[in-house]
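Welcome, and thanks for opening your viewer. Let's take a short walk through the model together, with a few selections to make along the way.

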Amino acid sequence: MKARPTRAWRARFAQASVAAGAALLVAACGGGGGGGGGDAAVTPPEAPPAETPQQPGGAALKLAVLSSQADKVTGPDALVQVEIVRSTPDASVTVLANGTDVTSAFTADADGKLVGKVGNLQPGANEITATYGGESVKLALTGYAITGPVISGPHQLPFLCTTNFNVGNGAPALAPIPGDPNCGVETRVDYFYRTTANAYVHLPNPSALSAYPADLRTITVDGKAVPYVVRLETGTINRAIYQTAILHDVLNEPAPTPTKKSAGWNGKLFYTLGGGCQGGWMQQGASTGGVMSDGYLSRGFAVASSTLNVMGNNCNDLLSSETIMMVKERFVENYGAPLFTIGTGGSGGAYQSNQTGDNYPGLFDGIIISQVFADVNSSTLFKQFDSRLLNNYFAGNGGYTVAQKQAISGYLQIANISNMSGQAGRIDPTVSFPAGVVAGVGPTFRYHPATNRGGARASVYDATKNVYGTTSEGHALRPIDNVGIQYGLKALLDKVITPAQFVDLNQKIGGLDLDLQPQSTRTAADPAVLARAYQSGRIVWGGGGLASMPIIDRRDYNDDATGGDIHTKIHSFSVRERLRKANGHVDNHVILTSDGGGAGVDTTAAMDAWLTAVKTDTSGRTLAQKVVANRPKTLVDGCLINNTFVAETQVANAGPACSAQYPAGTTPRMAAGGPLSDDIAKCQLKPLNAADYPGIAFTPAQWISLQLTFPDGVCDWSKPGVSQQPSKPWQSFGPSPTNLLFDITKQ
């Protein structure tokens, strides 16, 4: 028998929006848990009063997946929403998943829509069918294993498990799944409370609690006093150990669900990302970006992260983005779609934020970043490559002053040359192996150029070879090129170095081969590899998801580090210039410069206010326009000088106060004439022309030497790079079908 609508249902539905064509908010991505079953039909609320216009014609209901994209569902379940568009008296809703009745999994959310965690999903094709009032609507889903991959291509091998991961704060050890080749652990939920002395303490048996400890801290979330008790879930997704943390009053509230959130959750999510890179491959990792953050949890935010979102564990931004997608799906299935998600991290966490934000729109709604790089490739690897070349050259060629080396490299501190040369080990396949990858012979042992050429290669590019393709030996190709680069060009034109020094430098600097060994010829990149790097967003464009999200750059100043530091100020302006080139403005980008701490600005509160205003903006503006229109008036560029915030538009080496306090160096390629955007992997060439060197007199022998050094010409930085093009969002390298314009497997 069909259940009749209750008055509560009627009242609730009368308040819900059933406007024709109303767009569903589909929150992207993550993976995971169980589903409902049963055969009970759900009777929807009655139609709104007769005076409310009804949708003419069309389907009576809509189906949508809230936890992921419909073609990228991971694990056996998904959070599904059923919206009644055209109400029929006495009709009921029935939902099937692959023919199994899952109607009992659905309950009404605050808007009167039916939401349910649907199980019985399989890898491959799935179908959800909702029936109502004699009409049926179908939704096709494509499922993938919770162990991945989805878009990142075949898993890297070897892969070292670290299932001895420390949950921390007195919690017991995780339980590895015996014999699991994907490093799985049993999913577990732990509870912790925050003391009045601001320490976390494990609650070993929360179901047996009759009262909280006397030293429990109470906080206020959305105007309500709530106990500071954290529900921490730990498990494995995509071979990563993930964690999600959310406030939950375990003593007085039922377990939170997508339609019944805990009083302590403000409905918003932070996703934390960790730094590093060198050695970040072939391992599960033993740390996340950090989820037990008092700064976020005490304000009511939920927090998520995983071990493969720490670049020191995994320096593959594609794999990181895929893992974010899957972990966020798990979060949404457990707690419902957040109002918005903020990505945050420094250094390696910054380029994960930028690359995930731009390349996979929908995963993040805004980002707060520090120690900023645009991406792994152009911001770090190209600098390290050039620094290795310069370091090698200066080691064998004396006579250069400190000022000359500064001018040639662009760095304010010449120690950056040797510092970054050392960090180039991350593109040397023999240097940075995790401890468990031992020496030997065979594909699971360490690569050696003479004795084990088929072994595992310890480099960023080999960790991401699904993107770049490989040589006939299986070694990753690289989008690195220095053909035509005139190292020290600006120093020559400024007459800091002599024509003889300029000619000698460019004649001898050469390149680096796939094993990072010096070669006399320049390094040349294959145009197809460059196309992959640009199209897939491995070199950030800035006109993808970043065009429509708030970005707060907490620029910590490091250019004065006498021992050298790769986290230099120029990278903030390279990101800004890419945004300007792609979108015509930088009104969604805020730079706050200081010696650390975000220039005294509460960036969490600022981003919360910004995104809340965007999400509640009901105007007809585009998302990008809403982001600009709703930027808080008090959130402006500036820097901290003598503990005082100075509001000033941040421009590289311009402006009366901030640039004087925090001057910026550049990079070897900018010192060779390259653009501020720093996004050209391989330059287009133009013929050598004496007119390009005003005031410089080369001898005939020097000019002949330059012609021999640059037989095909020199960089024409006024043109886009070879194969440079906008990225295309949501590219896949398998097993989800690729969206790229070429077949990677045939390159």
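A residue counts as buried when its relative accessible area is under 20%, and as exposed when that value is over 50%, with partly exposed in between. Keep those cut-offs at hand, and remember that this is a predicted model.

**Getting your bearings**

Our theme is the disulfide. A disulfide is a covalent bond between the sulfur atoms of two cysteines. How many disulfides does the structure hold? There are four. If you count the bonded cysteines along the chain, they pair up as 1-2, 3-4, 5-6, 7-8. We will visit three of the links, starting with C161 and C183.

**Stop one: C161 and C183**

Select C161 and C183 and show their side chains; the sulfur atoms are 2.0 Å apart. The torsion about this S-S bond is about -75°, so the disulfide is left-handed. Both cysteines sit in the loop between β9 (135-144) and β10 (188-194), so the link ties together parts that are 22 residues apart in sequence.

Now turn on the surface. Which of these terms fits C183: buried or exposed? C183 has a relative accessible area of 1%, so it is buried, because the cut-off for buried is under 20%. Its partner C161 is partly exposed, at 42%.

**Stop two: C277 and C315**

Next, select C277 and C315, which are joined by a disulfide with an S to S distance of 2.1 Å. The angle about the S-S bond is -90° here, and the link is left-handed. Where do the two ends lie? C277 is in the loop between β16 (269-273) and α2 (294-297), while C315 is in the loop between β17 (302-306) and α3 (317-335), so the bond connects parts that are 38 residues apart in sequence. On the surface view, C277 is buried at 3% relative accessible area, and C315 is buried at 1%.

**Stop three: C639 and C658**

Finally, move to C639 and C658, where the disulfide has an S to S distance of 2.2 Å. This link is left-handed, with -90° about the S-S bond. Switch to a cartoon view to see the setting: C639 belongs to strand β24 (residues 638-641) and C658 to helix α16 (residues 658-661), so this pair ties together a strand and a helix, at positions 19 residues apart in sequence. C639 is buried, with a relative accessible area of 0%, and C658 is buried too, at 1%.

Methods: Residues are numbered from 1 along each chain as its sequence is written. This is a predicted model: local features need pLDDT of at least 70, side-chain atom pairs count only at pLDDT 80 or more; totals for chains, interfaces and linings use all residues. Side-chain values use heavy atoms; hydrogens and water are left out. A disulfide is a pair of cysteine sulfur atoms within 2.5 Å. Helices (H or I, at least four residues) and strands (E, at least two) are DSSP runs, numbered from the N terminus. Buried means under 20% relative accessible area, exposed over 50%, partly exposed in between (1.4 Å probe, protein chains only).
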